[in-house]
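Reader: I've got a model open on my screen and I'd like to know where the descriptions come from. Can we go through it together?

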Amino acid sequence: MSKIYINPGHGGSDSGAVGVGGRQEKDDALRYASAVADKLKAAGHTVELERNADYLINVKDIAKNANLWGADLFIAFHRNAGGGAGAECLIVTGASATSREMAQAVQSALVGVGFRDRGVKVQDRNTYVLSHTTMPATTIECGFIDNAGDNALFDSKFNEIVQGITAAILSIAGGVVPNTATPPSPSANVPELTRVLKRTSPMMTGDDVRQLQERLKAHLADPGKIDGEFGDKTRDAVIAFQQARINEGRDVGCRYNGNKPDGKCGELTWAILWEPAPGE
Ligand SMILES: [Zn+2]
């Protein structure tokens with residue numbers, strides 16, 4: 001089994017690039033890096049996730065940490081900016097054949113999920129961690145954060161992106177991707193949603209609101225009294241439910257809202273609510 005060093009780009013006071021709707025690179029980087037780290041661990045590798053929360057580590061320390069730890073592979077997770085579109089993987093001049101092979105495997109995976117192919121690039125500026133680590137290394141630039149289309153792809157294909165990058169790394173490190181992808185919701189069992197359910201004045205009422213409250217409760221998001229009235233507690237429960245799903249990389253239909261919960265139950269949130277809840 002290999003020792004794999006995962007470096008989510010930026011963090012803390014360093015937001016990285018800021019994109020559509022104030023979306024910050026450091027958040028996206030952490031999100032997909034930690035999801036890949038989890039899968040690599042599940043495949044049996046020893047994984048060091050450089051940061052698991054929002055703080056900054058100096059790039060010099062990152063390179064030093066990876067070298068001292070004796071990592072076999074090093075992968076940095078970023079998102080691009082500057083007006084382009086598509087994915088690319090970076091390696092430095094003089095990178096090993098394994099670095100190139102790993103970069104190419106990741107690049108192919110990202111193109112496979114729909115990103116424009118910007119190729120594997122040899123770049124020696126802003127690549128301190130690549131030039132100062134001693135093991136095969138690459139930086140992933142997973143689409144442009146200032147491109148709405150790339151962001152939509154990043155959000156809607158998140159699970160496939162994570163699965164693809166993991167498989168690419170495993171093609172170098174060995175092992176198979178554990179099949180932990182969330183199954184699609186059984187649409188046959190989802191009652192039709194005829195309106196977006198949300199907090200209004202006067203309050204929305206009805207059987208659909210009651211069903212919403214029951215499903216929220218089943219998913220451990222407490223809507224208060226199951227009374228078929230969409231009040232503040234129901235809205236807060238929708239927000240809690242959406243946030244939990246967003247944290248899992250699910251698309252709850254809040255992309256326009258910077259992928260932050262909006263407390264409104266539209267088609268996507270509704271469909272996920274009808275997936276089996278804990279204990280069902
Ligand atoms: Zn970056």
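Author: Sure, let's begin with a rule about angles: under 35 degrees counts as roughly parallel, over 145 as roughly antiparallel, 65 to 115 as roughly perpendicular, and the rest as oblique. Keep in mind that this is a predicted model, where local features need pLDDT of at least 70, side-chain atom pairs count only at pLDDT 80 or more, and totals for chains, interfaces and linings use all residues. Residues are numbered from 1 along each chain as its sequence is written.

Reader: What makes α1 and α6 oblique to each other?

Author: Their axes cross at roughly 55° and come within 9 Å. Axes here are lines fitted to C-alpha atoms, for helices over the stretch in contact, with angles from 0 to 180 degrees between N-to-C directions. Set against the angle rule, α1 and α6 are therefore oblique. The helices themselves are DSSP runs (H or I, at least four residues; strands are E, at least two), numbered from the N terminus.

Reader: Is the crossing of α1 and α6 left-handed or right-handed?

Author: α1 passes α6 in a right-handed crossing. That is the name used if the near helix is turned clockwise from the far one, while anticlockwise by less than a right angle is left-handed.

Reader: Which residues make that contact?

Author: From α1 you have Y32, A35, V36, K39 and L40, and from α6 I161, V162, I165, T166 and I169. Contact means C-beta atoms, placed from the backbone, within 7 Å. By class there are 8 nonpolar, 1 polar and 1 charged residues. Ala, Val, Leu, Ile, Met, Phe, Trp, Tyr, Cys and Pro are the nonpolar set, Asp, Glu, Lys and Arg the charged one, and the others, Gly among them, are polar.

Reader: What domains is the chain divided into?

Author: Domain 1 (3–173) and domain 2 (187–273), with bounds from an automatic or database domain assignment. Their C-alpha centres lie 33 Å apart. Domain 1 gives 11 residues to the contact and domain 2 gives 5. On the domain 1 side, α1 (25–42), α5 (148–156) and α6 (158–173) each supply at least two.

Reader: How do you know that the radius of gyration agrees with a compact globule?

Author: The rule is 2.2 Å times the number of residues to the power 0.38, and the radius is taken over C-alpha atoms. For 280 residues that comes out near 19 Å, and the chain has 21 Å, which agrees.

Reader: What is the peptide bond from S201 to P202?

Author: That one is cis, with omega near 0°. P202 sits in the loop between α6 and α7 (207–218).

Conventions: Contact = placed C-beta atoms within 7 Å.
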